[in-house]
Structures are given as C-alpha cells and as structure tokens.
Amino acid sequence: MATAPLSYYPSVDQLAARIKSFESNPSVATKNGDFEGLARLPLSLESPLAWSPQDLEKDMLQCILKLSGTDIEALEHAAEGFEDRSIPLSSISTENFVLPQKLRNSLRDVSNQCYHGRGFTVVQGLDPTKYSPELNVVLYAGIAAHVAPQHGFLDKHRQKVLCHVVNAAGEVSATEAAQKSPGFTDGPLAFHTDNCEILALYALDVATTGGQTFVSSSYQLFNELAKTRPEVLQTLSDYWVLDSFKDYSQFPPVTRPMLHVSDTGDVMFTYSRFPMAGFNGKQRNPNLAPVNDAQVAAMDAVQYIMAKNAVPLPWRKGDIAFINDMAVMHARSSFTENGNGIQRHLLKFYLRDPAQDWPIPESAQKQWNKIYGPNTPEGKREEEWCIKYEVGQENDWESNG
C-alpha cells in the first residue's frame, strides 16, 4: 500500500516534497548496476519526437499551419459540396472532400509532423461562428481526412467517433458533478494520454480565463528517466490494474502497462493517473490491487518531468490541434466561463493514419483493435456522429483525463 497520499492532481507543494524525497534516494538500478528486467528497454530514443522547451522554441513555426483566405474558401467549398451530395459522415475521404493540391500537401505535412517531427501541429484560421454545427463537423472531418483518415471509437459502447469536451459538471447538481471525469469539469488535468494514435481537438469556443492546453514530449520523459531513474521505466512497463469506474459486469478493470515496448524497441505511452488515483466521487475500488509506492513514485516523476518540459499549445478559438498521443502527453489548466451555460467547447477525434504504419507493441494491440477495429459481427464498422452536445453524453466516453 502506498504510504504517500495519492491524488489525481497533486498540489505544487505536495508534488515538490515527494519529488525531493524521490530524488534524494539514488536509483537502485543505477547504484547497483542492476539492469536485469530493463534489458528490453532502449537506452534512449533518438527522434525529433524527443524535445525540450528550448528545442521547440526554435521549431514552433513548423508546428503551426496558418490557413490563408484561399485555403479557407477551398475548405468551405469542399464542405458545402460534401453536404450537397448527402454523403454519410462515416464515408468522408480525400476523394469526396476535394482540396487543391497545395492544401492537400500542407495537410499531409501535418501528418508527417505528428508522426515523424515534433509530434503535433495546430491548424489555425477557421472561424466556427460562421458555420452551423453540421458544417463545423464536416469541415473538421474533411481536414482530418487529409491528415489521418481512420476514426476511432471514443465511447465505452464502441459506437461514437465524435466527442464534445465541455464543462458538464457546471450544468448539473453537485452530486452529479462529483461523478464527472476530470476532462468534463473546469479543473486542471494532469498530464495524460487519451490512448489513441492521433488526438484531434477543434476549439469551437474557449474559456473566459484559463483552460490552456499544454503538451510535453513522452520521448523526452523516457530519455530523462533512462539516464537517471531507469527503474521508473520498468515500473511503467509493468502491468497496472486500472479501474474503469463503471459496471464491472460490462466494463471490468483493465490490466496493461502504462509504457509499451515492442520486440523491436519501439516505445509508446498509454498513461493516466485517473484510473489509479480516482477523482472526486469516482474513487478507486478498494478491492482492486492497491497502488504501491513504486507506482506513486512513477506517477509523480511523470507529472514532474512532463510539467517541467511542457509548452503551451499555440491555439485559440477556431484552431484544430493534431497530437501524436503515443509520443506526446497533454494537460490543461483550470478555467472560468462567463456563467451563461457551456462556453469552452472542444470537438475530439481519435484518428489514425494507416499510411504512416506506426508499429504498435503487442501489449497495446488490444486497445488499438478496440478503438480502430470493427464493431459488428460481420467485421464492419458502424459509426455514430454526435453533431451537437447533449447533457449526459459525457457519461459514455471511455477516457477523459
């Protein structure tokens, strides 16, 4: 049983005290030269995906695609043409959302930047207030089709491919609010992944204050831990028992690593404090395997290093962020709204670009099959697109902080 109190979002003082204790105790593996069990982990990750804030300061312009007026006209024309033909959203593609070659190339560069560059790109320039809810979704999906065309399921029933990220806790009673996942409140989010390939977020509206999204390189995290505390990497690559906070008869706890390593040395993270620490009224089932000290230390090290290396995502209302969720974690600051109902409103996709052929370690393959695989007995996919937010939708989503 962990001796230190565990919370979803540790206070600065609490985290600093635990990190100080952690750093004052030398790595057992490093001190003893005992790397048995770590042999399958690479010594370091040599990739543009491993970056510090200083590295990114030089390359930030490469991570932004500013749409020109001509680009926006082309996108609007493509979206209106798609709508006129009454094509189902699940069939949207580069063939029926047709763009000029120059813009097509720019969006392919977004995919390449996500997979082989710094791991994220922000597409800037849309004004969502100009469009209907339906047209906003078509524009978003059409752009996504040129970046990463395959959609993943976001909900526990494996049907829905479009999620509305809003402060749902602010629209219900205190009792109901306590049951909302971290992502559907106005509080801060600890660094985490959404457990997909490419995470896409379209900002239909932003908060009055706060609500800043931060990104930080998981590859940089790996490299820093490999040098200083390799046993933390071992802990992260062990199997963890993750609470689903749902009816176990339908959605039992999941047992998997937070860090996945393939036989060829390819690495990816599927990480969150939430299933281990709980949040508000969603508390970890005491009948599950207790959270141990090594796991607490690992989670604190992740939060500390990711925060230290984080940069604010350069986006605002109307922007779309594409993030390599396997190599970049994200977090959020708390925020305030104007008090007139829901304000901060993001549309979320889980995407994948099969053409990039990113290797998925065996320990993560079940999750990938779950979100990107078929959902019918015939081996086909039937997708549901929630164009508008409805109260209670957030209770269906699988991963939210």
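# Notebook: cores, cavities and a few odd residues

**Cores.** I started with the largest nonpolar core, which has 115 residues, and I noted that L236 and F322 have the most contacts inside it. I keep in mind that this is a predicted model. Which helix gives the most to this core? I found that helix α6 (residues 133-147) does, with nine residues. That fits what I was taught: in soluble globular proteins, nonpolar side chains tend to be buried together.

Next I listed what L236 touches, skipping residues up to four places away in sequence. I got L225, P257, M258, L259, F269, Y271, A298 and V302. I also looked for another core, and there is one of six residues lying apart from the big one. Among its members are Y8, A190, F245 and F274.

**L107.** I picked L107 in helix α5 (residues 101-116). Is L107 buried or exposed? Its relative accessible area is 1%, and the limit for buried is under 20%, so L107 is buried. Leaving out neighbours within four places in sequence, I see L107 in contact with L65, L99, I143, H146 and V147. I checked one distance too: L107 and A145 are 38 residues apart in sequence, and their C-alpha atoms are 9.2 Å apart in space.

**F245.** Back to F245 from the six-residue core. I located F245 in the loop between β9 (240-242) and β10 (254-256). F245 has 16% relative accessibility, so it counts as buried. Its phi caught my eye: near 55°, a positive value in a residue other than glycine. I wrote this down because most residues other than glycine have a negative phi.

**R158.** I found another positive phi at R158, near 60°, and this residue isn't glycine either. R158 is in the loop between β3 (150-151) and β4 (163-166). It turns up again below, in a cavity lining.

**Cavities.** How many cavities of 30 Å³ or more are there? I counted two. The largest has a volume of about 180 Å³. Its lining has 18 residues, and V165, L189, H192, H330 and K348 lie nearest the centre. The elements that give two or more residues to that lining are β5 (189-192), β6 (198-205), β15 (328-332) and β17 (345-352). Strand β15 has the largest share, with three residues. I sorted the lining by class and got seven nonpolar, seven polar and four charged residues.

Then I turned to the second largest cavity, with a volume of about 40 Å³. Which residues line it? My list is F153, D155, R158, Q367, K370, I371 and E398. By class, I have two nonpolar, one polar and four charged residues there. So R158, the residue with the positive phi, is part of this lining.

**E394.** My last stop was E394, in the segment after α12 (362-372). Is this glutamate buried or exposed? Its relative accessibility is 4%, so E394 counts as buried. What does its side chain pair with? I found a polar contact with the side chain of K180, at 2.6 Å. Leaving aside neighbours within four places in sequence, E394 is in contact with A168, K180, F184, Y389 and N400.

Terms used: Residues are numbered from 1 along each chain as its sequence is written. This is a predicted model: local features need pLDDT of at least 70, side-chain atom pairs count only at pLDDT 80 or more; totals for chains, interfaces and linings use all residues. Side-chain values use heavy atoms; hydrogens and water are left out. Helices (H or I, at least four residues) and strands (E, at least two) are DSSP runs, numbered from the N terminus. Buried means under 20% relative accessible area, exposed over 50%, partly exposed in between (1.4 Å probe, protein chains only). A polar contact is a pair of N or O atoms within 3.5 Å; within protein, one must be able to donate a hydrogen and the other to accept it, and residues adjacent in sequence count only if both atoms are side-chain atoms. Contact means heavy atoms within 4.5 Å. On a 1 Å grid over the protein atoms alone, a cavity is a set of points where a 1.4 Å probe fits but cannot get out, and a pocket is an open set with protein on both sides within 12 Å along at least five of seven lines; lining residues have an atom within 4 Å of a point. Grid points are joined across faces, edges and corners, and a volume is the space filled by probe spheres set on the points. Ala, Val, Leu, Ile, Met, Phe, Trp, Tyr, Cys and Pro count as nonpolar, Asp, Glu, Lys and Arg as charged, and the others, Gly among them, as polar. A nonpolar core is a set of buried Ala, Val, Leu, Ile, Met, Phe, Trp, Tyr and Cys residues joined through side-chain atoms within 4.5 Å.
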